[in-house]
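Q: Please take a close look at one spot in this model, and then walk me outward from there to the helices, the core and the metal site. I would like the cut-offs spelled out as you go.

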Amino acid sequence: MAEAAVQSISANTPEAERELTDGFHLLIDALKLNGIKTIYGVPGIPITDFGRMAQASGIRVLSFRHEQNAGYAAAIAGFLTKEPGVCLTVSAPGFLNGLTALAHATTNCFPMIQISGSSEREIVDLQQGDYEEMDQLAIARPLCKAAFRVLHAQDIGIGLARAIRAAVSGRPGGVYLDLPAKLFGQVMDAEAGRKSLVKVIDPVPAQIPAPEAVKRALDVLKSGKRPLVILGKGAAYAQADGAIKSFVEKSGIPFLPMSMAKGLLPDTHPQCAGAARSTVLRDSDIVMLIGARLNWLLSHGKGKAWGETPKKFIQIDIEPKEMDSNIEIAAPVVGDIGSAVSALLNGMGGNWPAPPADWIKTVTSKRDENIAKMAPRLMNNNSPMDYHGALGVLRTIVKERPDAILVNEGANALDLTRGIIDIYQPRKRLDVGTWGVMGIGMGYAIGAAIETGKPVLAIEGDSAFGFSGMEIETICRYKLPVCVVILNNDGIYRGTDVNKAGPDPATTVFVKGARYDKMIEAFGGVGANATSPDELKRAVNAAMDSGKPTLINAVIDPAAGSESGRIGNLNPQSRLAKKK
Ligand code: ADP
Ligand code: TZD
Ligand code: MG
């Protein structure tokens with residue numbers, strides 16, 4: 001009704017009386033038209049007013065202390081919602097700060113859009129030294145899935161539509177959208193502006209695999225004497241939880257969850273082979289990958305970890321180029337996981353044969369043996385704590401609060417948490433991902449709390465925390481239900497290194513006995529120091545009950561960790577030693 005009224009006015013009224021709009025409002029309207037409700041960013045020229053206007057229009061605009069953390073929040077928002085997380089940055093330095101997160105999103109196949117203000121094209125292209133001058137589009141392009149620049153207000157609608165579609169369709173990834181300062185102030189007729197906006201229809205179209213590919217996959221799967229299913233974070237992303245659970249259970253095949261796929265089926269599920277990882281990789285004969293790449297995290301599908309048993313791989317992935325990336329894939333199934341798994345389920349019919357009993361027995365007895373071996377270590381009440389004592393109590397807390405989201409980074413703090421803490425629901429474990437990047441912690445915690453409304457428990461190495469630690473102010477400012485536990489062993493891997501060559505400390509150690517809990521008190525949050533598992537348990541439970549921003553400094557024996565956690569074999573020194 002109102003729209004019709006405006007239309008008739010704009011058609012017949014003289015220029016001076018026409019309703020006008022501008023770049024600021026067109027972008028806001030375009031975002032809202034496409035259901036984008038949240039922006040993560042840092043303000044400054046030329047986007048300060050845009051942030052204000054977006055907030056005034058009802059979009060939630062979360063203001064961070066560093067763009068990288070805003071970017072990580074947007075990246076994880078993409079993973080959790082299947083909609084692009086939006087990060088807003090200022091030109092050159094802000095843009096570059098955000099770019100690490102955009103590249104991270106692309107590497108991890110998370111949909112994200114970094115929208116950055118930029119300097120004037122005319123000046124940048126002549127390299128005349130504009131304020132924060134940089135050819136941002138050219139720099140972003142190789143680091144993301146797609147990059148676009150909008151020069152005219154009437155193209156904002158189509159520009160954002162392209163960005164959204166590029167981010168979420170096919171293999172998701174990061175998209176860069178460059179908006180020069182001048183664009184925001186460009187004025188145009190409001191009616192023409194409204195017409196220029198584009199609502200993206202069916203942004204994530206179903207991609208149904210070919211029936212032959214499904215049949216081939218089922219034939220290969222059936223031929224296995226020792227089959228294995230590996231679930232990757234693509235499977236968690238796909239939000240096809242019910243179909244995946246039905247498929248795994250109907251097949252009766254042991255499954256191995258990759259880190260962020262933990263909880264898709266509970267880690268305590270009878271078919272979970274998480275605690276028998278080496279055995280299933282080594283001895284399986286048919287391996288079905290669902291949304292997991294054969295990259296370094298799976299030893300590229302070959303070598304010692306995969307043993308002598310000849311293997312055939314089945315791979316479900318939306319990206320055709322992923323097939324045969326490291327080794328031959330006997331049965332590629334190209335399509336989206338929801339459609340592919342449903343097609344497989346249909347094809348299995350009513351009486352799918354259970355895998356051979358001796359294989360199931362091998363896997364379950366190995367798993368039970370490993371779990372039993374670990375159990376007593378998790379119950380120690382040593383002070384100072386070792387990782388196992390601390391993680392033993394955190395494990396119980398997560399079991400009692402399966403709804404909470406676990407964020408996790410560090411080296412020992414990462415690897416041991418991943419191995420020890422069971423996850424019970426999909427998309428509840430968020431971590432360093434494909435790059436093993438430090439710094440995702442507080443951005444992920446904020447993004448997860450905002451997007452899901454659930455409480456967050458962030459288990460952080462003391463080094464890892466340092467990469468995003470200032471965002472505890474952001475957590476306090478927005479009063480988010482985030483409890484940060486720092487497993488503080490005085491440094492990177494261990495706090496015991498000594499530099500014998502001079503007075504400087506060793507490169508891997510920090511100030512001894514640092515009290516990170518004092519940091520959050522500066523911003524009105526709750527700080528606690530825990531020197532034993534009992535103290536840790538009390539402090540974390542209090543934090544999770546209260547929902548108040550909390551930081552717990554968990555004092556870990558500086559000698560407890562090992563170099564590079566579980567991936568010490570990737571250090572050049574140890575590779576060198578192996579060759580010798
Ligand atoms: P992990 O690190 O858990 O092993 P990866 O990030 O290596 O997982 O792999 C995720 C894979 O999932 C990527 O190859 C990506 O193309 C794929 N993927 C993401 N979303 C979907 C989807 N909806 N359908 C099919 N494949 C998907
Ligand atoms: N910089 C970035 C961005 N990512 C990285 N992965 C590293 C540096 C190297 N690195 C690791 O791979 S783990 C780690 C660094 C610096 C920190 C390990 O120390 P921590 O954990 O305190 O977080 P533990 O418990 O002491 O092992
Ligand atoms: Mg440490």
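A: Ser532 sits in the loop between β18 (526-530) and α23 (533-546); helices here are DSSP runs of H or I with at least four residues, strands are runs of E with at least two, and both are numbered from the N terminus. Ser532 is buried, with a relative accessible area of 10%, where buried means under 20%, exposed over 50% and partly exposed in between (1.4 Å probe, protein chains only). Setting aside neighbours within four places in sequence, Ser532 is in contact with Asn381, Asn382, Ser383 and Met385, contact being heavy atoms within 4.5 Å.

A word on the ground rules: this is a predicted model, in which local features need pLDDT of at least 70 and side-chain atom pairs count only at pLDDT 80 or more, while totals for chains, interfaces and linings use all residues. Residues are numbered from 1 along each chain as its sequence is written, chains are lettered from A and ligands numbered from 1 in the order in which they are written, and side-chain values use heavy atoms, with hydrogens and water left out.

From that loop, let us move to the magnesium ion (ligand 3). Its protein donors are Asp462 (OD), Asn489 (OD1) and Gly491 (O), at 2.0 to 2.1 Å from the ion. Donors are N, O and S atoms within 2.8 Å of the metal (3.2 Å for Na, K and Ca), and since water is not among the atoms, sites may look incomplete. Along the sequence, the donor residues follow the spacing D-x26-N-x1-G. Asp462 belongs to helix α20 (residues 462-466) and Gly491 to the loop between β17 (482-488) and α22 (517-521), so the two tie together parts that are 29 residues apart in sequence. Asp462 is buried at 2% relative accessible area, and Gly491 counts as buried at 3%.

Next comes the nonpolar interior. A nonpolar core is a set of buried Ala, Val, Leu, Ile, Met, Phe, Trp, Tyr and Cys residues joined through side-chain atoms within 4.5 Å. In the largest one, with 93 residues, Ile244, Phe247, Ile290 and Leu430 touch the most other members. Helix α4 (residues 67-81) supplies the largest share of this core, nine residues. A second, separate core has 38 residues, including Ala54, Leu177, Leu179 and Val200. In soluble globular proteins, nonpolar side chains tend to be buried together. Ile290 is a good residue to click on: beyond four places in sequence, its contacts include Val229, Ile230, Phe247, Ile316 and Val341.

Helix α4 itself is mostly covered, with 14 of its 15 residues buried. The expected span of a helix is 1.5 Å times one less than its number of residues, so α4 should span 21 Å, and its end C-alpha atoms are indeed 21 Å apart. After α4 comes Lys82, whose phi is positive, near 65°.

One residue of α4, Tyr72, leads on to the rings. The structure holds eight aromatic pairs: rings of Phe, Tyr and Trp (its six-membered ring) pair if their centres lie within 6.5 Å, with planes under 30 degrees apart counted as stacked, over 60 as edge-to-face and the rest as tilted. Tyr72 and Tyr444 have ring centres 6.4 Å apart and planes at 85°, so this pair is edge-to-face. Tyr72 is in helix α4 and Tyr444 in helix α19 (residues 441-452), 372 residues apart, and both tyrosines are buried. Elsewhere, ring pairs link Phe24, Phe50 and Phe184 into a cluster.

Helix α8 (residues 156-168) is worth a look too. Ten of its 13 residues are buried, among them Ile156, Leu160, Ile164 and Val168. The buried residues of α8 pack against several elements, including α2 (23-33), β5 (112-118) and α10 (190-196). Gly170 follows α8 and has a positive phi, near 55°. On the α2 side, Ala30 is found in that helix and is buried at 1% relative accessibility. Ala30 touches Ile156, Leu160 and Leu197, leaving out residues up to four places away in sequence. Between Ala30 and Lys199 there are 7.7 Å in space, C-alpha to C-alpha, although they are 169 residues apart in sequence.

Finally, the cysteines: the structure holds zero disulfides, a disulfide being a pair of cysteine sulfur atoms within 2.5 Å. For Cys144, the nearest cysteine sulfur is that of Cys87, 13 Å away.
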